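Work through the exercises below with the sequence and the model side by side. Try each task before reading its solution.

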Amino acid sequence: NLELVESLRRGTTQGSLLGVLDLTITSLGARLLRRWLTQPLVDLKRLNERLDVVDLFYHDTPARVRLRALLKDVSDLERLGSRVVQRVARPRDLLGIRQTLDAWPEICGALEQMSSTTAFVQELLALDACQDVVDLVAQALVEDPPATLASGGVIRPGFSAELDNVTVAARNAKEWVANLEKQERERTGVKSLKVGYNKVFGYYLEVTKANTGRVPEEYIRKQTLVNAERYITPELKEYESLILNAEERILDLEARIYDQLLEQVAAASKRLLALARALAHLDVYACLAEVALMHRYVRPELSEDGELHVVAGRHPVVEVTQRDEPFVPNEVRFSADEAILIVTGPNMAGKSTFLRQVALIVLMAQIGSFVPADEAHIGLVDRIFTRIGAQDEISAGQSTFMVEMVETANLLNHATSRSLLVLDEVGRG
């Protein structure tokens with residue numbers, strides 16, 4: 001009902017809280033932000049640690065801008081690493097891992113230049129940059145590998161002596177066959193002699209009927225045509241075998257070398273995952289700072305005192321989507337003495353917006369985000385219950401009113417003194 005990750009009517013991210021907050025650059029960050037939104041924290045220490053990092057990026061715009069630019073070169077390291085571990089990674093997946101790891105030292109450079117740091121930043125700077133993986137992939141793969149292994153040409157020359165020897169032998173054999181026609185014409189004096197190839201006989205030498213008398217003794221007749229004879233020689237068959245076997249051998253060797261390469265990269269999977277998580281967190285923190293600046297959010301003051309006080313609070317989604325008129329901010333105050341508020345007013349006065357806004361501001365604070373207000377003191381809640389809108393369940397013999405009463409009873413039975421309950425037009429049936 002709070003439309004956290006998708007809107008109720010359209011079922012899209014646009015019109016939801018995620019649609020407003022998600023300015024992440026990477027798919028790593030996008031996934032993490034969605035997870036945070038659906039799993040808010042109740043741990044005051046961890047929340048303040050998150051807010052400290054968002055605050056850091058909020059006040060250091062040059063560092064934030066530079067970091068967000070560098071994150072554009074980052075691939076989905078988490079998924080690519082998983083593909084490597086499952087041995088289904090393609091050559092371009094490995095290239096994506098290498099390019100991401102190449103960006104890491106620059107990201108660390110940007111973090112080191114920040115005006116101040118936090119424990120989170122120090123942890124990032126201490127991570128292993130996996131330079132061994134970068135070097136291995138750079139040495140093993142060609143600069144722009146094909147999409148699959150099927151066509152070959154994946155392994156860089158110089159990486160495997162065995163593969164290089166087979167490749168050179170095949171190339172030399174092709175050159176020998178290419179030069180054979182000219183060489184045999186000069187040796188036999190038959191100017192019309194041709195070297196050809198077909199799938200049935202392989203390579204052959206073709207001589208016209210008029211010149212068969214000048215054919216050397218070592219030529220072996222293979223096929224007779226109307227105007228010509230086709231011959232082979234033992235040497236030609238030897239080179240043909242080299243050429244045809246080499247292609248298959250090259251593909252087999254490349255597949256074997258590639259499997260070994262995946263094995264070695266998979267051995268670094270834990271370090272790659274640590275970097276992937278660091279990049280995801282970095283992206284989310286920089287994104288939340290960007291959103292806070294863009295929409296004039298403030299850092300909430302968190303406590304466990306059970307009080308809630310928001311000055312000039314705004315609904316984060318409504319203020320962005322309805323730009324034709326300015327959003328009218330609202331104040332809300334809960335304390336130990338005043339824990340229940342009844343909001344009244346005519347239709348279209350903004351009661352539902354106000355109710356949802358309070359719940360969203362609390363939730364945003366409890367993922368470690370700044371909030372849309374001029375000032376916010378938030379006593380952490382353990383749960384947020386919403387009882388908004390209802391439909392009757394005729395099949396279960398329950399009217400709209402009955403459904404609302406069952407849901408309200410459920411809510412009262414499961415709430416604690418630290419829960420936030422939002423009931424919109426309850427019992428109107």
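The exercises that follow concern a predicted model, and they go from the whole chain to single residues.

**Exercise 1. Overall form**

Task: Work out how the radius of gyration of the protein chain stands against that of a compact globule of 429 residues.

Solution: Begin with the expectation, which for a compact globule of 429 residues is a radius of gyration near 22 Å, and set beside it the 35 Å of the protein chain. Next, turn to the C-alpha trace, which spans about 120 × 60 × 40 Å along its principal axes. Then add the secondary structure, which amounts to 14 helices and 10 strands. Finally, consider the packing: 44% of the 429 residues count as buried, and of the contacts with a separation of 6 or more, 67% are accounted for by residues 24 or more positions apart.

**Exercise 2. Two cysteines**

Task: Explain why C130 is not bonded to the closest cysteine sulfur.

Solution: Start from the general point that a disulfide joins the sulfur atoms of two cysteines by a covalent bond. A search of the whole structure finds 0 disulfides. C108 is accordingly in no disulfide, and the nearest cysteine sulfur, that of C130, is 11 Å away. Seen from C130, the closest cysteine sulfur is in C108, and because the distance is 11 Å, it is too far for a bond. As a last step, compare each with the cut-off for burial, which is under 20% relative accessible area: C108 is buried with 11%, and C130 is buried with 0%.

**Exercise 3. A residue in a loop**

Task: Locate I25 and find which residues it touches, not counting residues up to four places away in sequence.

Solution: First place I25 in the chain, where it is found in the loop between α1 (17-21) and α2 (27-38). Its relative accessibility is 29%, and therefore I25 counts as partly exposed. With the sequence neighbours set aside, I25 touches R68, L71, K72 and D283. The C-alpha atoms of I25 and V284 are separated by 8.7 Å, although these residues lie 259 residues apart along the chain.

**Exercise 4. A nonpolar patch**

Task: Determine which element supplies the largest share of the nonpolar patch.

Solution: List the members, which are F401, M405, L412, L421, L423 and V426, and which together make a nonpolar surface patch of about 460 Å². Then assign them to elements: α14 (400-414) and β10 (420-424) each supply at least two residues, and the largest share, 3 residues, comes from α14. L423, one of the patch residues, is found in strand β10 and, at 30% relative accessibility, counts as partly exposed.

Definitions and conventions. Residues are numbered from 1 along each chain as its sequence is written. This is a predicted model: local features need pLDDT of at least 70, side-chain atom pairs count only at pLDDT 80 or more; totals for chains, interfaces and linings use all residues. Side-chain values use heavy atoms; hydrogens and water are left out. Helices (H or I, at least four residues) and strands (E, at least two) are DSSP runs, numbered from the N terminus. Buried means under 20% relative accessible area, exposed over 50%, partly exposed in between (1.4 Å probe, protein chains only). Contact means heavy atoms within 4.5 Å. Patches are made of residues with over 30% relative accessible area and no salt bridge: like charges are joined within 9 Å, nonpolar side chains (Val, Leu, Ile, Met, Phe, Trp, Tyr) within 5 Å. Accessible areas come from the Shrake-Rupley method with a 1.4 Å probe; for residues, only the protein chains shown count as cover. A salt bridge is a side-chain nitrogen of Lys or Arg within 4 Å of a carboxyl oxygen of Asp or Glu. The radius of gyration is taken over C-alpha atoms; the globule rule is 2.2 Å times the number of residues to the power 0.38. A disulfide is a pair of cysteine sulfur atoms within 2.5 Å.
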